Amino acid sequence: MSEKAVFIEQPGGPEQLKLVEVEVGAPGPGEIRIRHVACGLNYIDVYHRNGTYPLPLPARLGMEGAGVVEAVGEGVTHLQVGDRAAYASQPPGAYATARVMPAKAVLKLPNDIAFDTAAAMMLKGLTVQYLLRKTLPQGGLQAGDFVLFHAAAGGVGLIACQWARALGLQLIGTAGSDEKCALALEHGATHAINYRSQPDFAAQVRDITGGRGVKVVYDSVGADTWAGSLDSLAPFGLLASFGGASGPVPPINIGTLAAKGSVYVTRPTLFTHLSTRESAQAMGDELFDIVRSGQVKVRIAGRYALGDAAQAHRDLEARQLLGSAVLLP
Ligand code: NDP
């Protein structure tokens with residue numbers, strides 16, 4: 001049966017995204033075929049499209065989706081035909097009506113989580129899970145601790161604000177407008193800084209924390225925030241640099257880490273955490289639990305037809321989305 005999928009022939013702007021007819025065959029060993037009800041939009045899709053993270057060409061896009069399992073390959077035991085399922089997974093290919101893909105990181109979706117919610121939260125929510133629960137400073141994080149989270153009103157950011165509140169953390173969120181700051185506060189940030197109108201956010205972090213700085217900075221903005229993030233850390237603090245929406249982080253002189261107070265830097269990626277089925281399931285279970293408890297609600301700020309993926313990318317890059325967005329096949 002003929003299906004549709006979004007491809008790029010070469011890296012470039014949103015105009016490179018083309019919806020084309022494809023054949024979707026039967027799953028091989030360790031694979032499933034899934035029919036998508038919704039696909040997630042993520043900033044990593046922009047890096048794939050523009051060549052920041054190069055893909056073999058022509059390439060499909062999309063790392064996150066939710067739908068119904070249509071066929072199961074040999075050796076797959078945790079999923080059956082007819083199961084509701086959701087995933088954040090490599091390789092890209094979620095922008096499609098249906099696809100064959102590795103089953104390892106595909107999880108059974110609880111009946112009380114809607115498909116569009118799942119598609120909007122798997123990659124972002126699993127990212128927040130590993131950032132707040134596994135990427136920790138020496139001694140871990142305790143209720144009351146200060147953390148700094150950049151782009152706090154984005155897809156990952158709004159989930160982080162709520163999850164941090166559930167953990168009792170004091171999350172200082174940064175965002176690019178007063179409206180976004182208000183949204184971060186509404187979702188559980190204890191403080192918010194508009195880093196466009198007040199670029200010296202590190203000075204404000206010092207004020208808020210009584211001069212000490214934060215235990216962890218979660219930085220997905222990269223080039224524009226890197227220096228201020230280092231300046232926001234408490235001694236022995238941890239800078240988790242997990243993205244570069246404003247461009248890559250500049251080369252670092254390791255001596256800087258001593259000068260800033262024996263601080264630590266890590267550059268984690270979700271896909272290391274999802275590399276075994278056991279880890280993917282354990283992380284997914286925690287995400288499903290916190291969403292079902294009502295402590296984390298997923299804000300879907302944009303819904304686009306699959307054929308409008310280019311517009312979705314334009315809106316994401318223009319910083320217009322307040323929360324997550326989905327593509328609907
Ligand atoms: P967002 O919805 O957060 O969108 C990105 C946000 O970055 C924008 O809304 C904007 O918020 C901010 N931003 C700052 N500077 C720029 C700029 N120059 N251009 C565009 N945006 C800018 O996206 P996602 O929730 O999908 O992802 C958030 C970040 O997390 C991304 O950088 C992504 O790559 C990273 N990520 C990393 C993972 C990992 O494991 N390493 C996994 C998942 C996501 P504002 O206007 O408030 O500044």
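How many Å should the 16 residues of helix H9 span at 1.5 Å a residue, and how far apart are its end C-alpha atoms? I will come to that in a moment, but please keep in mind throughout that what we have here is a predicted model.

The helix in question, H9, runs over residues 277–292, and its expected span at 1.5 Å a residue is 22 Å, which agrees with the 22 Å that separates its end C-alpha atoms. As for the way H9 sits in the structure, its buried residues are Ala280, Met283, Gly284, Leu287, Phe288 and Val291. Seen down the helix axis, these buried residues fall within an arc of 135°, and so they line one face of H9. The general background is that an α-helix has 3.6 residues a turn, so residues three or four places apart point the same way. On the other side of H9 we find Glu278, Asp289 and Arg292, which are exposed. The cover over the buried residues of H9 includes strand E8, at 106–108, together with helix H2, at 115–133, and helix H8, at 270–273. After H9 comes Gly294, with a positive phi, near 85°.

Let me now step back to the whole chain, which is divided into domain 1, made up of 2–124 and 271–328, and domain 2, which covers 136–267. The C-alpha centres of domain 1 and domain 2 lie 27 Å apart, and the contact between them involves 14 residues of domain 1 and 13 residues of domain 2. On the side of domain 1 that touches domain 2, the residues divide into 6 nonpolar, 4 polar and 4 charged.

As for annotation, the unreviewed UniProt entry places a feature called "domain: Enoyl reductase (ER)" at residues 12–327. Over residues 12–327 the chain in this model is 31% helix and 26% strand, and the end C-alpha atoms are 20 Å apart.

I would like to finish with a single residue, Leu61, which is placed in the loop between strand E4, at 59–60, and strand E5, at 64–72. Is Leu61 buried or exposed? Leu61 counts as buried, because it has 27 C-beta neighbours inside 10 Å, where 20 or more are needed for that label. If we leave aside neighbours within four places in sequence, the residues in contact with Leu61 are Val6, Ile8, Asp45, His48, Arg49, Pro92 and Tyr95. Ala26, by comparison, is 35 residues from Leu61 in sequence, and the C-alpha atoms of Leu61 and Ala26 are 20 Å apart in space.

Methods:
Residues numbered from 1 in each chain as written. Predicted model: local features only at pLDDT ≥ 70, side-chain atom pairs only at ≥ 80, totals over all residues. Domains from an automatic or database assignment. Contact = placed C-beta atoms within 7 Å. Nonpolar A, V, L, I, M, F, W, Y, C, P; charged D, E, K, R; others polar. UniProt positions renumbered as here; feature names shortened; annotations may be inferred. Helix = DSSP H or I, 4+ residues; strand = E, 2+ residues; numbered from the N terminus. Expected span 1.5 Å × (residues − 1). Buried ≥ 20, exposed ≤ 12 C-beta atoms within 10 Å, placed from the backbone. Arc of directions from axis to C-beta.
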